[in-house]
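Work through the exercises below with the sequence and the model side by side, and try each task before reading its solution.

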Amino acid sequence: MLFSVDHGNSAMKTPNFVFTSGLADYPVKPPVEADVLEFEGQFWTLSGKRIAYMRDKTKDERFFVLTLFAIAKEMQRANMTQSVVEADLAVGLPPEHYELRKQFSEYFQRGRVSFVFNGIPICLVIGNVMVYPQAYAAVVPRAQSLRETSRTFVIDIGGFTTDVLLLREAKPDLQFCRSLEMGVIHMSNDIIGRVSALYGINIDDDHIVDVIQGKYTILPEEVKQMILNAVRHYVADILNKLRELQVDLRAAPAIFVGGGAVLFKAFIKDSPLSANADFIEDPKANAIGYDLLGAAQQRRDRMKAGDGSAQG
């Protein structure tokens with residue numbers, strides 16, 4: 001079975017689930033109603049507090065454990081009851097970090113992996129691990145229409161970075177990819193510090209998201225206005241940095257993807273630099289793209305295996 005997982009700095013995504021990239025570990029089973037995963041003698045639950053940014057997510061076991069949560073959730077949704085599952089993984093990396101793909105693939109290639117999810121033992125037999133470029137994966141469902149355009153920028157605004165990839169007639173040009181350390185996390189940390197310093201109020205990421213999305217909050221009006229002004233300036237800074245990198249959204253079409261792009265959509269659309277920008281608003285878009293790319297690769301592999309058998 002194919003499992004597709006997008007390992008975001010802020011959130012983990014599968015074709016059907018989004019959850020925070022955060023974990024809490026326990027030496028014994030915790031007395032909670034939440035999902036509990038036991039792996040190699042340790043108990044884990046998901047946490048609303050995200051893991052600190054890691055450029056190399058293979059440095060410890062946490063993103064592997066988050067991947068097991070993602071797989072277990074997809075298995076549960078599909079009502080899979082078998083205890084042994086042969087699994088292929090489709091995952092991704094930012095285009096500018098794509099040189100790490102071999103290391104990222106090896107991180108997951110562990111053969112048989114046993115764990116317990118909500119009291120149910122599961123044994124994964126991990127086969128192929130396919131690694132694709134983020135941003136490109138998100139627009140795979142639009143590949144047919146993108147072939148009609150000679151140049152299209154895909155801009156993925158995530159938790160820690162804004163990644164830009166150039167597509168030439170729907171094909172990724174990995175010679176032109178850029179990554180700016182300008183994601184939602186940087187902005188939120190700055191706003192949190194400024195609100196604390198200016199108003200003596202302790203807020204967190206959720207407060208900022210609520211203000212941006214116009215949801216009800218008891219924060220003073222002046223604090224809300226400060227947050228909105230800070231977001232407006234931050235988005236302008238991202239667009240200006242893109243221009244410095246020769247990414248002129250007035251000269252070539254652009255598709256914005258990622259959770260940050262969805263959050264910033266109104267601010268991006270207000271800018272004359274990107275008035276014609278398009279958006280993919282599903283935060284799971286990369287995971288869905290990995291799934292399509294991985295399934296296509298599986299079909300090609302089966303066809304090659306069949307040809308080999310026929311020739312033999």
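The expected span of a helix is 1.5 Å times one less than its number of residues. This is a predicted model, and the exercises apply to it as such.

**Exercise 1. Compare the expected span of helix H1 with the distance between its end C-alpha atoms, and decide whether H1 is enclosed or open.**

Solution. Begin with the length: helix H1 covers residues 62-77, and its 16 residues, at 1.5 Å a residue, should span 22 Å. Next, take the end C-alpha atoms, which are 23 Å apart, a value that agrees with the expected span. Then turn to burial, for which the cut-off is under 20% relative accessible area: 13 of the 16 residues of H1 are buried, so H1 is largely enclosed by the rest of the structure. Finally, look just after H1, where Asn79 takes a positive phi of about 55°.

**Exercise 2. Describe how helices H5 and H6 pack, and class the residues that meet.**

Solution. Two packed helices are described by the angle between their axes and the distance between the axes. For H5 (residues 205-212) and H6 (residues 221-244), the angle is about 85° and the axes are 10 Å apart. Angles of 65 to 115 degrees count as roughly perpendicular, and H5 and H6 are therefore roughly perpendicular to each other. On the H5 side the contact is made by Ile208, Val211 and Ile212, which meet Lys224, Ile227, Leu228 and Val231 in H6. Sorted by class, this contact has six nonpolar residues, no polar residues and one charged residue.

**Exercise 3. Work out how strand S7 is paired with strands S5 and S6.**

Solution. Start with S5 (residues 23-26), which runs antiparallel to S7 (residues 42-46) and is joined to it by four bridges; here Tyr26 stands opposite Phe43 in S7. Continue with S6 (residues 37-39), which is also antiparallel to S7 and is joined to it by three bridges, with Phe39 standing opposite Gln42 in S7. The last step is the hairpin of S6 and S7, in which two residues lie between the strands and Glu40 takes a positive phi near 50°.

**Exercise 4. Is Ile288 buried, partly exposed or exposed, and which residues does Ile288 contact beyond its neighbours within four places in sequence?**

Solution. Locate Ile288 in helix H8, which covers residues 285-311. The relative accessibility of Ile288 is 27%, so this residue counts as partly exposed. Once neighbours within four places in sequence are left aside, Ile288 is in contact with Pro15 and Asp282. As for Phe64, this residue and Ile288 are 224 residues apart in sequence, and their C-alpha atoms are 19 Å apart in space.

How values were computed. Residues are numbered from 1 along each chain as its sequence is written. This is a predicted model: local features need pLDDT of at least 70, side-chain atom pairs count only at pLDDT 80 or more; totals for chains, interfaces and linings use all residues. Side-chain values use heavy atoms; hydrogens and water are left out. Axes are lines fitted to C-alpha atoms, for helices over the stretch in contact, and angles run from 0 to 180 degrees between N-to-C directions. Angles under 35 degrees count as roughly parallel, over 145 as roughly antiparallel, 65 to 115 as roughly perpendicular and the rest as oblique. Contact means heavy atoms within 4.5 Å. Ala, Val, Leu, Ile, Met, Phe, Trp, Tyr, Cys and Pro count as nonpolar, Asp, Glu, Lys and Arg as charged, and the others, Gly among them, as polar. Buried means under 20% relative accessible area, exposed over 50%, partly exposed in between (1.4 Å probe, protein chains only). Two strands pair if DSSP finds at least two bridges between them.
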